[in-house]
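Colleague: Please put the model up, and then I will ask about its salt bridges, its backbone and a helix pair.

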Amino acid sequence: MKKEFAAPPLPAAATPHFDFEREAFACGHRWVAGVDEVGRGPLAGPVGVAAVILDPDDLPFGVDDSKALPEAKREHLCEIIFAKALSVAIVFASVDEIDAMNIRGAALRAMARAVAGLSLRPHLALIDGRDTPDGLICPARPIVGGDGLSMSIAAASIVAKTMRDALMRNLHRDYPHYGFAEHVGYATAAHRRALALSGPCPYHRRSFRLGPEED
C-alpha cells in the first residue's frame, strides 16, 4: 500500500515587514527613515523621492510596494501614512536637474534632500536599491528590493508615487494634449503620438531617448 503524503503548504505571500527597523533600534538607532524614489523611467516630469519615519507603536496596516497596489488603495494608504508617521518629507528632482546630472545622479541627490527635509533627524536611513547617496545627514543601509521588504521604504514608495502622480495631473491642466493625467509621463503609445505631433514641452526630459513602447 502506497503512503500518501500531504502537499506542503504554500508559502505566505511576502509583504514588507518591520524587521530592519527593529534591528536598527536594537543597535541604538532611535529614528529610522525609509527612502524611495519613483519616476526614473518617464519621458516627462520630475523624479519624486520620499523619506518616512514610521511610529513603531502605530504602524499603518496594509503597506506594500507602491507598484503592487491599485491607485485607490495607494492614495488611501498615503493619507494614513501622513496621519500616523512621525515625519514625512517629499522632494522632486527637476527635469533640468535630470538632464544635467543623469537620472541616477538626480535621484540620489534628491534622496539626500528628502532625508535632510525630515522634521526629525534620523539616526539611520534605509535606502531602496544598491546605492548610498552622498551628502546624507546620517548613516544609511541600502536594501535591494527594499520597497518589497522594509515597511518604512514601502511607505516612502507610496508617498512618492502618490505625490508625483498628483503633480503630473496638475501639469495635465496646462498641457492636456500630452495626456499626463493618464500616463503620468511614461512612454505610452498615446504619449509618443502626442510628442510626434506637438514636440516636447518644458517638462519633457531632453536627455531621454524613446525606448520600446509601453502601454
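Colleague: Which residue forms a salt bridge with Arg113, and is that residue buried or exposed?

Modeller: A salt bridge here is a side-chain nitrogen of Lys or Arg within 4 Å of a carboxyl oxygen of Asp or Glu. Arg113 meets this with Glu97, the closest N and O atoms being 3.1 Å apart. Arg113 lies in helix 4 and Glu97 in helix 3, so the pair ties together parts that are 16 residues apart in sequence. With a relative accessible area of 13%, the partner is buried (under 20%; exposed is over 50%, partly exposed in between, with a 1.4 Å probe and protein chains only): Glu97.

Colleague: What are the ground rules for these values?

Modeller: This is a predicted model, where local features need pLDDT of at least 70, side-chain atom pairs count only at pLDDT 80 or more, and totals for chains, interfaces and linings use all residues. Residues are numbered from 1 along each chain as its sequence is written, and side-chain values use heavy atoms, with hydrogens and water left out. Helices (H or I, at least four residues) and strands (E, at least two) are DSSP runs, numbered from the N terminus.

Colleague: How many residues apart in sequence are the parts that Glu23 and Arg141 tie together?

Modeller: The closest N and O atoms of Glu23 and Arg141 are 3.5 Å apart, a salt bridge. Glu23 belongs to helix 1 and Arg141 to strand 5 (residues 140–143), so the pair joins parts whose separation in sequence is 118 residues.

Colleague: Where does Val184 lie, and what is its relative accessible area?

Modeller: Val184 has a positive phi of about 45° although it is not a glycine. Val184 sits in the loop between helix 6 (180–183) and helix 7 (189–198). The residue is buried, its relative accessible area being 9%.

Colleague: How is helix 2 oriented to helix 5?

Modeller: Axes are lines fitted to C-alpha atoms, for helices over the stretch in contact, with angles from 0 to 180 degrees between N-to-C directions. Those of helix 2 (residues 71–84) and helix 5 (residues 151–174) come within 9 Å and cross at roughly 115°. An angle of 65 to 115 degrees counts as roughly perpendicular. Helix 2 is therefore, relative to helix 5, roughly perpendicular.

Colleague: Which residues of helix 2 make the contact?

Modeller: Contact means heavy atoms within 4.5 Å. On the helix 5 side, the residues include Ile158, Met163 and Arg169. On the helix 2 side they are Glu71, Arg74, Glu75, Leu77, Cys78, Ile81 and Phe82.

Notes
Parallel < 35°, antiparallel > 145°, perpendicular 65-115°, else oblique.
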